[in-house]
Amino acid sequence: MRETEADRAGGTAEPVFRARGVTKVYEMGEVKVHALRGVDLDLFSGELVVLLGPSGSGKSTLLNILGGLDTATSGTVVYCGKELTRATDRELTEYRRRHVGFVFQFYNLIPSLTALENVSVVTDIAASPMRPEEALGLVGLADRLNHFPAQLSGGEQQRVAIARPLQNGRP
Ligand SMILES: Nc1ncnc2c1ncn2[C@@H]1O[C@H](COP(=O)(O)OP(=O)(O)OP(=O)(O)O)[C@@H](O)[C@H]1O
Ligand SMILES: [Mg+2]
């Protein structure tokens with residue numbers, strides 16, 4: 001479903017994500033780090049959104065919460081009408097598996113697996129996966145399938161990390 005600007009202006013479109021008053025406090029012993037202080041955000045179907053901000057401003061923290069990888073300290077996040085902030089661990093696992101495609105800032109490739117195997121890890125659990133060879137072909141790595149991460153350039157490692165969620169993340 002794609003909403004138009006007119007839909008949005010008329011207030012008829014429901015956001016895919018609705019975040020309200022999201023906070024995240026990391027406790028470091030005595031010290032508390034306020035990574036997010038009351039984030040309100042609506043994201044609509046078909047939007048391409050860029051999250052910009054200085055290093056340390058909380059971008060990864062927010063994405064981790066929207067992606068079900070971490071939980072908020074307070075506030076609510078609703079995805080397609082379901083409140084992620086009330087979901088159990090099991091429900092969050094299911095949510096990530098079915099709906100989330102995540103390219104990690106530090107790639108998170110498994111060093112002992114080849115490029116093909118690193119992508120297959122996702123293919124094995126996705127509902128309707130693309131073949132891992134195809135996903136790697138789309139990022140220009142068809143001739144690097146059997147390389148381990150240490151045998152790939154930084155950009156190639158990044159592209160393996162991009163190939164992984166290509167197979168998932170359809171809402
Ligand atoms: N696990 C953690 N424990 C404690 N503090 C943390 C933790 N993760 C992040 N922080 C702190 O929270 C703040 C937000 O971090 P975050 O990683 O969300 O920033 P970012 O906007 O993604 O930065 P960058 O652009 O450098 O990736 C930073 O000040 C960081 O030091
Ligand atoms: Mg970050």
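In this predicted model, an N or O atom in the side chain of Thr61 lies 2.5 Å from an oxygen atom of ligand 1. A polar contact here is a pair of N or O atoms within 3.5 Å. Two contacts involve the backbone. A backbone N or O atom of Gly56 is 2.8 Å from an oxygen atom of ligand 1. For Ser60, a polar backbone atom lies 2.9 Å from an oxygen atom of the ligand. Ligand 1 alone exposes 640 Å², of which the protein buries 62% (Shrake-Rupley method, 1.4 Å probe).

The shell around ligand 1 holds 13 residues, with Ser55, Gly56, Lys59, Thr61 and Gln105 the closest (a heavy atom within 4 Å). Helix α2 gives the largest share, 3 residues. At least two residues each come from β1 (17-28), β2 (31-43) and α2 (59-66). By class, 5 are nonpolar, 7 polar and 1 charged.

Ligand 1 occupies the largest pocket (more than half of its atoms within 2 Å of the grid points). A pocket is an open set of points on a 1 Å grid over the protein atoms alone, with protein on both sides within 12 Å along at least five of seven lines; lining residues have an atom within 4 Å of a point. This pocket has about 1400 Å³ of space. Its lining counts 42 residues, and Val49, Leu63, Leu66, Gly101 and Phe102 are closest to its centre. Again α2 gives the largest share, 7 residues. The lining divides into 24 nonpolar, 16 polar and 2 charged residues.

Local features need pLDDT of at least 70, side-chain atom pairs need 80 or more, and totals for linings use all residues. Residues are numbered from 1 along each chain, ligands are numbered from 1 in the order written, and side-chain values use heavy atoms, without hydrogens or water.

Key
Polar contact = N/O pair within 3.5 Å; in protein donor to acceptor, adjacent residues only side chain to side chain. 1 Å grid on protein atoms, 1.4 Å probe; cavity = no way out; pocket = protein on both sides within 12 Å on 5 of 7 lines; lining within 4 Å. Helix = DSSP H or I, 4+ residues; strand = E, 2+ residues; numbered from the N terminus. Nonpolar A, V, L, I, M, F, W, Y, C, P; charged D, E, K, R; others polar. Points joined across faces, edges and corners; volume = space filled by probe spheres on them.
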